Amino acid sequence: MPQVKAYLAASATTGLAPGAVERRAPRSDDVVIDIKHCGICHTDVSQSRNEWGGSSYPMVPGHEITGIVSAVGSSVTSFRVGDRVGVGCMVDGGCSKGACEREHEHRDLANMVMTYNGKEHDGTPTYGGYSQSIVVKQDYVLRIPDALPLDAAAPLLCAGITLYSPLRHWRAGPGKKVAIVGLGGLGHVGVKLAHAMGAHVTVISQSEAKAPDAKRLGADQYVAASKPGALDAVANTFDLVIVTIGGKSDWNAYIKMLRIDGAVVLVGIPEGAQPVDAFPLIAQRKTLSGSGIGSIPETQEMLELCAKHGITADIETIAIQRIPEAYERIVRSDVRYRFVIDMATL
Ligand code: ZN
């Protein structure tokens, strides 16, 4: 079992420090990836600090991984040494109770193996992308199109697919009005994707501060929610409202902004339960839903769309030693819009 260098959290309170983890020797269907870049997702901060409970240690976070194939198992047909590849939030799956279609694989939580803070089917803990290399079954490896740089493409593997999946499912496109609530790591990619898909895009943010950025990213309209009456002015407007912010927010205010048959989709993780008024849902057949990441085929489709339209994340590349500072800045929403670790600094 080869040991590889990594940055890991020894417990919920220690923060991250240099260390090493074991990677399995490649099996016949495995791809060995020399990691070049790894995005930092808010989930990394939350899980390394056990803010959602259930974290296991040592933990190597990171599920926005890009790199180069350095070896393949004997039965691997989809990838060759030297290929540009990525790994997102899952490294294995399978099927149980009829959820066998690959489309729903990431929703089969009993079988889905998370890239880190998870367990392989044989019980081995999984370690994420803040490391030199990773060994992943070929079916869970994504191809990064040549048009996409490995650094700025990394966040597409979680942030990108998290927004693409609901945009696709609720058919964002020409003639549709989409609102993205929150312009952060998730939201900024959502604006680019929705714009590329042909939808009319509105960004809803607290203050005016991000208005110039929203326009630059492709938004047609900008709403500063803290301005009195600003949300009332967009009542009954949108076909789709994607809420990327976590914490406390007023779901009823978003439902109010929907047209008949519109949907509010939560992708940020809210703080506890929120009361919901049933009447607007009933009277205008509105939907309150949620969405998490996406399937492997859908992720590949998203990467191809990004290559076609030149979409990547706006990133700040950092040396791995700067993770503690990056985590603090993520908590303060002080990054435009995603940190990406240059793994050459490990
Ligand atoms: Zn993530």
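In strand β8, the residue opposite Ile-33 is Ile-134. That pairing is a handy place to enter this structure, which is a predicted model. Ile-33 also stands opposite Val-69 in β4. The two pairings reflect the wider arrangement around strand β3, which spans residues 30-39. This strand is joined to β8 by 5 bridges, with the two running antiparallel, and to β4 by 7 bridges, again in the antiparallel sense. A further 3 bridges connect β3 with strand β17 (residues 338-342), and this pair too is antiparallel. Here His-37 faces Asp-342 of β17. With 8 of its 10 residues buried, β3 is mostly covered.

The metal site comes next. Three residues coordinate the zinc ion, namely Cys-41 through SG, His-63 through NE2 and Cys-158 through SG, at 2.0 to 2.2 Å. Along the sequence, these donor residues follow the spacing C-x21-H-x94-C. His-63 and Cys-158 link distant parts of the chain, being 95 residues apart. His-63 sits in the loop between α1 (42-48) and β4 (65-72), while Cys-158 belongs to the loop between α2 (150-153) and α3 (159-169). Both of these loop residues are shielded: His-63 counts as buried because its relative accessibility is 7%, under the 20% cut-off, and Cys-158 is likewise buried, with a relative accessible area of 5%.

His-63 also appears among the contacts of Thr-115, a residue found in the loop between β7 (113-114) and β8 (133-137). Thr-115 has a relative accessibility of 1% and therefore counts as buried. Leaving aside neighbours within four places in sequence, the residues in contact with Thr-115 include Gly-62, Ile-65, Val-87, Cys-89, Met-90, Thr-126 and Tyr-127. Ile-134, the β8 residue that stands opposite Ile-33, is another of the contacts of Thr-115. A polar atom of the Thr-115 side chain lies 2.6 Å from the backbone oxygen of Gly-88.

Attention now turns to the parallel sheet. Here 6 strands form an open sheet with parallel pairing, in the order β12-β11-β10-β13-β14-β15. The edges are taken by β12 (221-224) and β15 (287-290); each has a single partner strand, so one side of each is left without a neighbour in the sheet. From one strand to the next, the twist averages 20°. At the β15 edge, the pairing with β14 (residues 258-266) is parallel and comprises 4 bridges. Within this pairing, Val-264 has Leu-288 of β15 as its bridge partner. Helix α3 packs on the sheet and touches β10 (177-181), β13 (238-243) and β14, its direction making about 160° with that of β13.

Helix α3 is itself mostly covered, with 9 of its 11 residues buried. Among the buried residues are Ala-159, Ile-161, Leu-163, Tyr-164 and Leu-167. The buried residues of α3 pack against several elements: the strands β10, β13, β14 and β17, together with the helices α4 and α8. After α3 comes Arg-171, which has a positive phi near 55°.

Helix α4 (residues 185-196) offers a good companion to α3. It contains 12 residues and reaches 18 Å from its first C-alpha to its last, close to the 16 Å expected at 1.5 Å a residue. Because 10 of its 12 residues are buried, α4 is largely enclosed by the rest of the structure. The buried residues of α4 include Leu-186, His-188, Val-189, Val-191, Lys-192 and Leu-193. Their cover includes the helices α3, α5 (211-217) and α8 (296-309), as well as the strands β10, β11 (200-205) and β17. Just after α4, Gly-198 adopts a positive phi of about 100°.

One last stop lies towards the start of the chain. Glu-22 belongs to strand β2 (residues 16-22) and is partly exposed, with a relative accessible area of 43%. Glu-22 and Ala-6 are 16 residues apart along the chain, and their C-alpha atoms are separated by 9.7 Å.

Methods: Residues are numbered from 1 along each chain as its sequence is written. This is a predicted model: local features need pLDDT of at least 70, side-chain atom pairs count only at pLDDT 80 or more; totals for chains, interfaces and linings use all residues. Side-chain values use heavy atoms; hydrogens and water are left out. Donors are N, O and S atoms within 2.8 Å of the metal (3.2 Å for Na, K and Ca); water is not among the atoms, so sites may look incomplete. Buried means under 20% relative accessible area, exposed over 50%, partly exposed in between (1.4 Å probe, protein chains only). Two strands pair if DSSP finds at least two bridges between them. Axes are lines fitted to C-alpha atoms, for helices over the stretch in contact, and angles run from 0 to 180 degrees between N-to-C directions. Contact means heavy atoms within 4.5 Å. A polar contact is a pair of N or O atoms within 3.5 Å; within protein, one must be able to donate a hydrogen and the other to accept it, and residues adjacent in sequence count only if both atoms are side-chain atoms. The expected span of a helix is 1.5 Å times one less than its number of residues.
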